[in-house]
Amino acid sequence: MIGKTNAPEFGLGSQTYNPVFGTTFNAYDQLLTSGGSSGGASVSLATHMLPVADGSDNCGSLRNPAGWNNIYGFRPTFGRIPSGGFLFDTSVTGPMARNVPDLARLLSVQAGPD
């Protein structure tokens with residue numbers, strides 16, 4: 001683990017704001033949201049602060065921030081990556097990266113028997 005990026009309270013919402021760390025804005029336009037709940041991770045990737053990141057996805061939390069910050073986010077099928085059942089049974093953990101080869105490499109590290 002390198003560090004913690006910003007996420008909305010309880011990891012819910014399509015924005016990245018919380019009362020402790022404030023708001024994480026879009027990497028390319030400070031008037032726009034970075035998306036949520038992996039908004040901090042997506043901005044960190046887009047601004048080259050991180051080579052790869054992971055996150056959880058229940059209702060688009062990997063895919064929306066990735067799309068809004070011009071990176072890649074992948075929601076794998078249930079059981080591809082071991083999970084502790086965080087929050088909801090529909091939530092999965094997945095990789096984020098600036099390019100597809102890096103995304104595939106992180107997925108290969110994360111994947112395994114559940």
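Which residue is the bridge partner of S56 in β5? Let me start there, and keep in mind throughout that what we are looking at is a predicted model. The partner of S56 in β5 is T93, and that pair belongs to a longer arrangement, in which β3 and β5 run antiparallel and are joined by 6 bridges. On the other hand, β5 also pairs with β4, again in the antiparallel sense, this time over 2 bridges, and here Y72 has A97 as its bridge partner in β5. If you then ask how β5 sits in the model, 5 of its 6 residues are buried, so the strand is largely enclosed by the rest of the structure.

Let me turn now to the charged side chains. How many salt bridges does a search of the whole structure find? The search finds 3, and D57 is a good residue to begin with. D57 forms a salt bridge with R63, where the closest N and O atoms are 2.9 Å apart, and D57 also forms a salt bridge with R75, where the corresponding distance is 3.1 Å. Since D57 lies in strand β3, residues 52-57, while R75 lies in the loop between β4 and β5, this second pair ties together parts that are 18 residues apart in sequence.

Is D57 buried or exposed? D57 counts as buried, because its relative accessibility is 0%, whereas R63 counts as partly exposed at 39%, and R75 is likewise described as partly exposed, with a relative accessible area of 23%.

The remaining salt bridge I want to show you is between the side chains of D102 and R105, which meet at 2.5 Å, N to O. Both residues are in helix α3, residues 100-110, and because they are 3 residues apart there, about one helical turn separates them. R105 counts as exposed, at 51% relative accessibility. To return to the earlier residues for a moment, D57, R63 and R75 are joined into one network by salt bridges that share partners.

Next comes the nonpolar part of the model. In soluble globular proteins, nonpolar side chains tend to be buried together. Here the largest nonpolar core has 9 residues in all, namely A41, L45, A46, L50, A53, L62, A66, I71 and M96, and α1 gives the most to this core, with 3 residues. If we take L45 as an example and leave aside its neighbours within four places in sequence, L45 is in contact with several residues, including L50, A53, I71 and M96, and its contacts also include P51, V52, A97 and R98.

Finally, I would like to look at the stretch around β2. G22 is placed in strand β2, residues 22-23, and, not counting residues up to four places away in sequence, G22 touches N6, T16 and Y17. How many residues apart in sequence are G22 and G55? They are 33 residues apart in sequence, and in space the distance between them is 19 Å, C-alpha to C-alpha.

T24, by contrast, is placed in the loop between β2 and α1, and T24 counts as buried, because its relative accessibility is 13%, with the cut-off for buried being under 20%. Leaving aside neighbours within four places in sequence, T24 is in contact with N6, T16, S34, G39, G40 and V43. If you compare the contacts of G22 with those of T24, you will find N6 and T16 in both lists.

Terms used:
Residues numbered from 1 in each chain as written. Predicted model: local features only at pLDDT ≥ 70, side-chain atom pairs only at ≥ 80, totals over all residues. Heavy atoms only, no water. Helix = DSSP H or I, 4+ residues; strand = E, 2+ residues; numbered from the N terminus. Contact = heavy atoms within 4.5 Å. Salt bridge = Lys/Arg side-chain N within 4 Å of Asp/Glu carboxyl O. Buried < 20%, exposed > 50% of the residue type's maximum accessible area, 1.4 Å probe, protein only. Pairing = 2+ DSSP bridges. Core = buried A, V, L, I, M, F, W, Y, C linked by side-chain atoms within 4.5 Å.
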